[in-house]
Amino acid sequence: MSLLNDYMSRTNEWEKQRYHLHGPQLQPHPNFSPSADVAALEAAIKAKGVDEHGITKILVYRTNAQRQEIKSAYQKKTGRELCDDLKKACSGQYEEIVLGLLETPAKYDAHQLYRAMKGLGT
């Protein structure tokens with residue numbers, strides 16, 4: 001829950017109200033263009049000090065299927081993994097959130113279960 005609180009503190013007031021009124025109902029972005037999103041992500045990653053708002057704006061308003069397309073398009077365009085570039089550019093809880101958004105739901109769930117059970121003696 002603290003990751004959600006951290007994200008919510010970074011968003012503007014309108015986005016907070018929208019979340020509380022309508023819940024997390026994400027629809028496919030109507031003007032989705034993987035190549036445009038890749039260009040915007042590249043610019044945000046290369047920006048001086050990293051443009052976290054630019055990265056967030058793209059990733060949180062795309063469905064998981066669209067984010068997977070963005071990952072593929074990024075790899076094709078740059079020859080590098082988007083996750084690797086984001087690991088270098090981001091840190092802390094923000095990095096954890098961004099990388100979690102780029103995983104498929106099954107992989108994310110498996111990763112979280114592993115982390116939760118790690119060290120429990122199971």
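## A salt-bridge tour of an eight-helix chain

Start by selecting Lys77 and Glu42: the two form a salt bridge, with their closest N and O atoms 2.9 Å apart. A salt bridge here is a side-chain nitrogen of Lys or Arg within 4 Å of a carboxyl oxygen of Asp or Glu. This pair ties together distant parts of the chain, as Lys77 sits in helix H5 and Glu42 in helix H3, 35 residues apart.

Before you click on, a word about what you're looking at. This is a predicted model, where local features need pLDDT of at least 70 and side-chain atom pairs count only at pLDDT 80 or more, while totals for chains, interfaces and linings use all residues. Residues are numbered from 1 along each chain as its sequence is written, and side-chain values use heavy atoms, leaving out hydrogens and water.

Now color the two partners by accessibility. Lys77 counts as exposed because its relative accessibility is 52%, whereas Glu42 is buried, at 12%. (Buried means under 20% relative accessible area, exposed over 50%, and partly exposed in between, using a 1.4 Å probe and protein chains only.)

**Zoom out**

Switch to a cartoon view and you'll find eight helices and zero strands. From the N terminus on, the elements run α-α-α-α-α-α-α-α. Helices (H or I, at least four residues) and strands (E, at least two) are DSSP runs, numbered from the N terminus. Turn on the surface, too: the accessible area comes to about 8,100 Å², and 55% of that belongs to carbon and sulfur atoms. These areas come from the Shrake-Rupley method with a 1.4 Å probe; for residues, only the protein chains shown count as cover. Of the 122 residues, 31% are buried. If you list contacts (heavy atoms within 4.5 Å) between residues at least 6 apart in sequence, 65% join residues at least 24 apart.

**More salt bridges**

How many salt bridges does the structure hold? Five. For another, select Arg62 and Asp37, whose closest N and O atoms are 2.9 Å apart. Arg62 lies in the loop between helix H4 (52–59) and helix H5 (64–78), and Asp37 is in helix H3 (residues 34–46), 25 residues apart. Both Arg62 and Asp37 are buried.

Next, hop to Arg115 and Glu96, a salt bridge with its closest N and O atoms 2.8 Å apart. Here helix H8 (residues 105–117) supplies Arg115 and helix H7 (residues 92–101) supplies Glu96, 19 residues apart. Arg115 is partly exposed at 42%, and so is Glu96 at 32%. Then go back to where you began and add Lys46: salt bridges that share partners join Glu42, Lys46 and Lys77 into one network.

**Helix H6**

Select residues 82–89, which make up helix H6; Leu82, Cys83, Asp85 and Leu86 are buried there. They cover an arc of only 165° around the axis, so they lie on the same side of H6. That arc is taken from the directions from the helix axis to the C-beta atoms. An α-helix has 3.6 residues a turn, so residues three or four places apart point the same way. What covers the buried residues of H6? The cover includes H3, H4, H5 and H7.

**Last stop: cysteines**

Finish with Cys83, buried at 18%, and Cys90, buried at 6%. Across the whole structure, a search for disulfides (pairs of cysteine sulfur atoms within 2.5 Å) finds zero.
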